[in-house]
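User: Could you take one part of this model and go through it closely for me, then show how it connects with the rest? I work with coordinates every day, so please keep the residue names in.

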Amino acid sequence: MEGLAMLRQLIGQLQELLELYGSNPPHPHPPQPLHFLQPLHPLPLSELHSQQHHRLCLLDVNDGSTDDYYSLIMTARKSESLKMLEPYKLPLAKKSRKDRTRGKSSMTTNTVEVMEEQIWKDFPEDLFEAVIARIPVATFFRFRSVCQKWNSLLNSQSFSQHCAQVPQGNPWFYTITHENVNSGSMYDPSLKKWHHPTISSLPNKIIILPVASAGGLVCFLDIGHRNFYICNPLTQSFKELPARSVKVWSRVAVGMTLNGNSTTGGYKILWVGCNGEFEVYDSVKNSWIRPGNMPSYIKLPLSLNFRSQAVSIDGTLYFMRSDPEGIVSYDMVTGVWKQYIIPAPLHLTDHTLAEYGGQIMLVGLLTKNAATCVCIWELQKMTLLWKEVDRMPNIWCLEFYGKHVRMTCLGNKGLLMLSLRYRQMNRLVTYNVSSREWLKVPGCAVPRGRKRQWIACGTAFHPCLTATA
């Protein structure tokens, strides 16, 4: 009986300990509401040890032997009740991403560097223009509003020379949508952003389509194939070309080249019809010239593939044709036509020419047994045969299985933009020929609009701030 009484006393003391340490520690003041959005600041190590020391000293050992309490604590340590004897810890509040970012930025940007006027006022003017020529295009247009001097850089001859020395980056894409055929949308692949310029000089009562580009200028042709227009979409430098001397109103293929490395040396535009008619526009002379007739060794009619835009390599334009399948080219310097018989790959549709680094490429839809995939080919110069070099990832192609997909290539200058359509589906992707990288393009929506626009046609152009029509 004496042993049972001691056991009951021991259990009672243990319950008191559990009630004391199993609940929140007593507050000397009324409890305050906990603000979860306020970050918790960890205590210093010395203060933490001090609090733990005072917490354990709450155990009163004045009555009862020291050995009894020692055995009691050792018994509890062997059990799961030890967790309740540990000091109480508040759970750490999870910081939001904004707070974490703000904390990092405050550590790295404690001081703001002030630009000293005595140093920067003597910054060389030619070096200043060289720096401005290398900033992103979108950034430049924000800088134009700083002062009148910066805004006048577009008309500076020295600034134009600095821009010509900057290596070309990825092209932009000027597109026309089904919903807004009288206004275009530009896509910047570097920022993955759509721009919606308003070119007031373009006619708004007829449909104008982009058909070619060179040196930052885009060539437009009205849907009736009568009038040509040249424009820089960035600066809205605009020019309407004189009327053609040959009255051919049927559909024509168009190509554009530069006389030098930039538009300062002028540019030329070629149009060619299926029956062999063609003319060349020279911007230096501001007139159309008919160099001659199509040579007899080129089979007529040309049966041009109007879905494929012309490719320009070293002053020579290449057009895709059928019957026979192949390519016809025209040298804008020598005025010589050539023809290449190149059979197309089997089961190929919606194919178009492309170019990268002086190499002719081919992109198209390959459909077989209800499976459709976008494939890339490269023209072998020795054999004049197409060699497949890449294709769209299979996980993307599964979306097209069993569907009659149509494709339009909106740019063919190293970076391709492809528009894939099926009923209510409209997918935009880009393909980098150099890195062989496929990327999805965000949907094109007008400002303050939610509905995505359907891309009808377009062309690639290298953005140039100083290109003038």
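Analyst: Happy to. A word on names before we begin: strands, labelled E, are DSSP runs of at least two residues, helices, labelled H or I, are DSSP runs of at least four, and both are numbered from the N terminus. With that labelling, Pro 324 falls in the loop that links strand E13 (316-321) to strand E14 (326-331). The peptide bond between Asp 323 and Pro 324 is cis, with omega about -5°. Please keep in mind throughout that this is a predicted model.

Another cis peptide bond is found between Leu 300 and Pro 301, where omega is also about -5°. Pro 301 belongs to the loop between strand E11 (287-289) and strand E12 (311-313). That loop between E11 and E12 also holds Ser 303, whose phi is positive, near 50°, although Ser 303 is a residue other than glycine. Ser 303 has a relative accessible area of 24%, which means that it counts as partly exposed.

Now to the part I would look at most closely, the surroundings of Asn 232. This residue lies in strand E6, which covers residues 228-232. Is Asn 232 buried or exposed? Its relative accessible area is 0%, and it is therefore buried, since the cut-off for that label is under 20%. Beyond its neighbours within four places in sequence, Asn 232 is in contact with Gly 216, Leu 217, Ser 237, Cys 464, Leu 465 and Ala 467.

One of these contacts, Ser 237, is also the bridge partner of Asn 232 in E7. Altogether, E6 and E7 are joined by 4 bridges and run antiparallel. In the loop between them sits Gln 236, which has a positive phi of about 65° without being a glycine. Gln 236 is partly exposed because its relative accessible area is 30%.

E6 and E7 belong to an open sheet of 4 strands, ordered E4-E5-E6-E7 and paired antiparallel. Which strands stand at the edges? They are E4 (208-214) and E7 (237-240); each has a single partner strand, so one side of each has no neighbour in the sheet. Ignoring direction, neighbouring strands here are turned against each other by 25° on average.

The sheet also leads into the largest nonpolar core, which has 24 residues. Phe 140, Phe 159, Tyr 174, Leu 202, Phe 220 and Leu 465 are the ones that touch the most other members, and Leu 465 is among the contacts of Asn 232. Two or more residues of this core come from each of helix H7 (125-132), helix H8 (137-143), helix H10 (157-165), strand E1 (172-177), strand E5 (217-222), E6 and strand E24 (455-461). E1 contributes the most, with 3 residues. As for Phe 220, its contacts more than four places away in sequence include Tyr 174 and Leu 202, and also Phe 228, Tyr 229 and Cys 231. A second core, separate from this one, has 23 residues, among them Val 389, Trp 396, Leu 418 and Trp 438.

Finally, the whole chain as a backdrop. The protein has 11 helices and 24 strands, and 39% of its 469 residues are buried. Among contacts with a separation of 6 or more, 53% are between residues 24 or more positions apart. The protein exposes about 28,600 Å², of which carbon and sulfur atoms supply 55%.

Conventions. Residues numbered from 1 in each chain as written. Predicted model: local features only at pLDDT ≥ 70, side-chain atom pairs only at ≥ 80, totals over all residues. Heavy atoms only, no water. Buried < 20%, exposed > 50% of the residue type's maximum accessible area, 1.4 Å probe, protein only. Contact = heavy atoms within 4.5 Å. Pairing = 2+ DSSP bridges. Axes fitted to C-alpha atoms, helices over the stretch in contact; angles between N-to-C directions. Areas by Shrake-Rupley, 256 points an atom, 1.4 Å probe, with all protein chains shown as cover. Core = buried A, V, L, I, M, F, W, Y, C linked by side-chain atoms within 4.5 Å.
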